[in-house]
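Could you walk me through the empty spaces in this model and the strands around them? I would like to see how each term is defined along the way.

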Amino acid sequence: MLKTVKSRGLLMRGTALVITLVCMTGCGDDEPTPTPIPDAGTQTDAGTEPVPDSGTEPTPDAGTGALDSDIAVVRFNQDGTHDTTFGAGGVTHVDFGPGRDGTRDSLWDLKVDATNRIVLFGNKRGEGARADTDRVVARLTSAGALDTTFGSSEPRNGFSVLNLSNLNDGMRNGLIQQDGKIMASGYTSMPTGVGAQAANRIVLQRLNDDGSSDATFGWQGVVTSAPFLAQSETLPEWGMAEAYAVGQQSNGSYVTSGYGRVASSGTVDLVSFRYTPTGELDPTWGTGGSVVLDLAGDNDYGRHMVILSDDRMCSVGSSALGAQNTDGLILMLTADGQRDTTFAPEGYKTYDFDRPNNAFFGVAASPDGNWIAAAGFRAGGNQNDDAILAIIPTGGAGAEVFKATPISATENDRFWAVTFDASNRIYATGFVTEGGDSRMVVARFTIDGNLDPTFGVGGIATLNVVTGATEEAGRGIALQSDGKIVIAGPVEKL
């Protein structure tokens with residue numbers, strides 16, 4: 001059933017936004033698969049040329065990508081060996097739907113809930129002949145089977161799918177609340193109401209524990225937000241904004257991190273906004289309701305974020321400080337959105353890993369609240385890509401560590417996501433290429449930044465889900481209560 005949406009924070013002229021909650025049927029290796037979506041660096045916004053990226057923006061996969069993809073979910077034991085009791089022989093292949101013309105399944109995040117069920121956040125190609133993308137939240141049981149108690153509607157089949165007016169929807173990261181509800185972040189390019197212009201808008205979606213839309217948030221569980229407000233009747237929208245990640249503060253408010261701009265064109269800045277528990281834009285956050293970080297007049301990106309135990313927000317990403325000079329970026333904000341000068345004099349730090357392009361894409365906080373870890377990659381300089389890691393004390397003691405942590409000395413490797421265990425050991429996932437064949441990788445580090453030799457082989461565990469594939473990478477990571485490590489990411493269709 002289609003419904004016209006008049007959503008909080010949404011201003012559209014002459015255009016109706018239609019939200020369709022789709023119940024998908026079937027999942028498995030015998031079905032075709034769907035949809036990565038171009039990132040904001042390649043998507044037209046506000047009627048201008050695509051936003052130039054920092055040079056560090058990757059495809060959602062480890063390589064050039066395939067015509068079709070599955071999402072592979074795998075589990076490792078605490079010692080780094082592959083857990084073959086999980087799924088089917090150690091792997092669950094999740095098929096969101098059929099891919100076509102380069103649009104296929106993508107995955108950006110993975111979370112584990114209080115009962116060890118596994119939640120996936122990604123995208124699929126639109127149904128039928130549509131070329132746009134829909135957002136997908138899927139849930140598996142703790143053992144890796146599709147959870148048939150979860151879905152958009154009855155009969156539930158493990159999937160909750162959101163179609164926003166047949167527009168390209170960019171699902172990014174998500175979280176699971178203490179009450180079991182699921183919040184997902186992202187953005188969608190929507191008409192501004194002026195000619196053929198379109199601009200990226202923040203899209204937040206909240207689901208109930210069973211995968212149905214939470215009608216107490218926004219409109220039918222969805223908030224579309226253009227937080228840089230209208231300038232005049234002839235300019236009903238100005239700028240653009242995206243939410244690469246969302247976190248929840250102790251009062252229930254939601255904080256985003258991503259990138260955007262106040263102007264109608266030009267470079268982008270790291271931007272952050274706060275929304276009330278029911279989805280209203282909060283004007284008390286930062287300055288006049290927003291945080292905008294522009295370091296050097298060039299592109300600054302927020303790629304992920306985490307809320308600390310004291311409600312501070314830590315955002316990670318990258319900043320272009322000059323030609324061929326993009327550094328990793330960590331920004332710390334106070335609980336009300338001001339720069340945290342106890343972290344650094346300006347509230348942020350940049351990190352140079354001796355390559356032209358450096359970026360963080362994952363961040364996590366330790367359970368004891370004393371540490372954050374950021375993971376990503378360095379690239380450029382006619383050298384292979386390397387994974388990078390930063391470990392920052394937030395509890396008043398300990399030494400900061402930041403270093404390149406290459407998995408291969410001769411081929412490409414990157415980290416996409418990171419998490420902690422209860423002992424403050426750090427797990428990072430991504431990919432490593434070996435002989436042209438990409439493999440999922442998990443590395444475990446001690447709090448001093450050294451690889452843990454008791455895990456895998458010298459601290460590293462790899463798994464080749466699809467032999468000879470260029471598309472294979474761990475994009476999300478989480479730990480179950482027994483310490484087992486679950487990772488997931490896109491792989492070429494079997």
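The paragraphs below go from the cavities to the pocket and then to two sets of strands.

This is a predicted model, in which local features need pLDDT of at least 70 and side-chain atom pairs count only at pLDDT 80 or more, while totals for chains, interfaces and linings use all residues. Residues are numbered from 1 along each chain as its sequence is written, and side-chain values use heavy atoms, with hydrogens and water left out.

Let's begin with enclosed space. A cavity is a set of points, on a 1 Å grid over the protein atoms alone, where a 1.4 Å probe fits but cannot get out; lining residues have an atom within 4 Å of a point. Two cavities of 30 Å³ or more are counted. The largest cavity holds about 70 Å³, a volume being the space filled by probe spheres set on the points, which are joined across faces, edges and corners. Its lining includes Trp108, Asp109, Arg303, His304, Trp416 and Ala417. Strands (DSSP runs of E, at least two residues) are numbered from the N terminus, and those giving two or more residues to this lining are β5 (106–112), β19 (300–307) and β27 (413–420).

Now for the open space. A pocket is an open set of points with protein on both sides within 12 Å along at least five of seven lines. The largest pocket has a volume of about 1500 Å³. It is lined by 50 residues, of which Lys111, Ile176, Val306, Ala365 and Thr419 are the closest to its centre. Among the elements that give two or more residues to the pocket lining are β5, β9, β19 and β27.

What becomes of β5 itself? Six of its seven residues are buried (under 20% relative accessible area, 1.4 Å probe, protein chains only), so β5 is largely enclosed by the rest of the structure. Strand pairing requires that DSSP finds at least two bridges between two strands; β5 and β6 (residues 118–125) run antiparallel and are joined by six bridges. One of the bridge pairs is Ser106 with Asn123 in β6. These two strands form a hairpin with five residues between them, and Asn116 in the turn has a positive phi of about 75°.

Finally, turn to β9. An open sheet of four strands runs in the order β9-β10-β11-β12, with antiparallel pairing. Since β9 (169–176) and β12 (222–225) stand at the edges, each has a single partner strand, so one side of each is left without a neighbour in the sheet. Six bridges connect β9 with β10 (residues 182–191), and Ile176 stands opposite Ile182 in β10.

Note on methods
Buried < 20%, exposed > 50% of the residue type's maximum accessible area, 1.4 Å probe, protein only.
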